[in-house]
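The following exercises are to be worked with the sequence and the structure side by side. Each task is followed by a solution in steps.

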Amino acid sequence: TDDASGTTRNMFGVCDARDVQTMSEDELGQNPSNRQGDTVGYSGNGVGNCLKNSSDQGSGFNTTYGVNDIISVALDCDNSAVYIAKNGTYLNSGDPTSGGDKTGAVDITAGEIYLIGGTVYNSTYQANFGNPIHSISSGNADGDGYGNFEYAVPSGYYAVNSKSVGQY
């Protein structure tokens, strides 16, 4: 909603839950010495790249974002993969429904608990985990009928809510 242009500190992605307490505001995707697990962050603001533990994940993520763009993060814990989309199109030719093939995904360590989120610097963003605080023009739900999203939820992915978390 308000973008500090040119900064690379605005990141969206996932981090290993063990690292939440030690992360600072600009470390999503970074790998300082105190990190225990994986962290993946997409910085489309200014440079357009995706980092996993400070390692660039390739040119397939090289697209910038700005005010009113919608960034989606699909976390596949069954296959240890993260997919990033901008305005409904998955970057790096990603296909969240590809299962074990992990087409266009960023690999993460299996068996860990991951949290989806973002780090922001001098910017304002709105997060939608299934219950948006802003109006949605298309209104897409997950396969169980939960959530309200601007873009279609990939088959096999679910909104973050008490019913989904308890089941999946």
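**Overall composition**

The protein chain contains one helix and nine strands. The model is a predicted one.

**Exercise 1. State the order of the elements along the protein chain, and identify which elements have the lowest and the highest mean pLDDT.**

Step 1. Read from the N terminus, the elements follow the pattern β-β-β-β-β-β-β-β-β-α.

Step 2. For the protein chain, the average pLDDT is 86, and 89% of the residues score at least 70.

Step 3. Among the elements, the lowest mean pLDDT, 81, belongs to helix H1 (residues 162–167), and the highest, 97, to strand E7 (residues 89–90).

Step 4. Where pLDDT is low, the predicted coordinates should not be interpreted in detail.

**Exercise 2. Determine the strand order of the open five-stranded sheet, and explain why one side of each edge strand lacks a neighbour in the sheet.**

Step 1. The five strands of the open sheet are arranged in the order E4-E3-E2-E1-E9, and their pairing is antiparallel.

Step 2. Strands E4 (55–56) and E9 (114–119) lie at the edges; each has a single partner strand, and therefore one side of each has no neighbour in the sheet.

Step 3. At the E4 edge, strand E3 (residues 49–52) pairs with E4 in the antiparallel sense over two bridges. Within this pairing, Lys-52 is opposite Ser-55 in E4.

**Exercise 3. Locate Gly-29, decide whether Gly-29 is buried or exposed, and list the residues that Gly-29 touches beyond four places in sequence.**

Step 1. Gly-29 belongs to the loop that lies between strand E1 (11–16) and strand E2 (39–43).

Step 2. The relative accessibility of Gly-29 is 0%. The cut-off for a buried residue is under 20%, so Gly-29 is classed as buried.

Step 3. Leaving aside residues up to four places away in sequence, Gly-29 is in contact with Met-11, Thr-39, Val-40, Gly-41, Leu-51, Lys-52, Asn-53 and Ser-54.

Step 4. The C-alpha atoms of Gly-29 and Cys-15 are 7.9 Å apart, with a separation of 14 residues in sequence.

Step 5. For the protein chain as a whole, 39% of the 168 residues are buried. Of the contacts with a separation of 6 or more, 45% are between residues 24 or more positions apart. The accessible surface amounts to about 8500 Å², with 43% belonging to carbon and sulfur atoms.

**Exercise 4. State how many salt bridges the whole structure holds, and describe the partners of individual pairs.**

Step 1. Four salt bridges are found in the whole structure. Side chains of opposite charge can pair when their charged atoms come close.

Step 2. Lys-86 and Asp-69 form a salt bridge through their side chains, at 4.0 Å from N to O. This pair links distant parts of the chain, 17 residues apart: Lys-86 is in strand E6 (residues 81–86), and Asp-69 is in the loop between E4 and strand E5 (71–76). With a relative accessibility of 29%, Asp-69 is partly exposed.

Step 3. The side chains of Asp-16 and Arg-18 form a salt bridge at 2.9 Å, N to O. Asp-16, at 1% relative accessibility, is buried, whereas Arg-18, at 38%, is partly exposed.

Step 4. In the salt bridge between Asp-107 and Lys-102, the closest N and O atoms are 3.0 Å apart. Both partners are partly exposed: Asp-107 has a relative accessibility of 38%, and Lys-102 has one of 24%.

Step 5. Finally, Asp-16, Arg-18 and Glu-112 are joined into one network by salt bridges that share partners.

Methods: Residues are numbered from 1 along each chain as its sequence is written. This is a predicted model: local features need pLDDT of at least 70, side-chain atom pairs count only at pLDDT 80 or more; totals for chains, interfaces and linings use all residues. Side-chain values use heavy atoms; hydrogens and water are left out. Two strands pair if DSSP finds at least two bridges between them. pLDDT is the predictor's confidence in each residue, from 0 to 100. Buried means under 20% relative accessible area, exposed over 50%, partly exposed in between (1.4 Å probe, protein chains only). Contact means heavy atoms within 4.5 Å. Accessible areas come from the Shrake-Rupley method with a 1.4 Å probe; for residues, only the protein chains shown count as cover.
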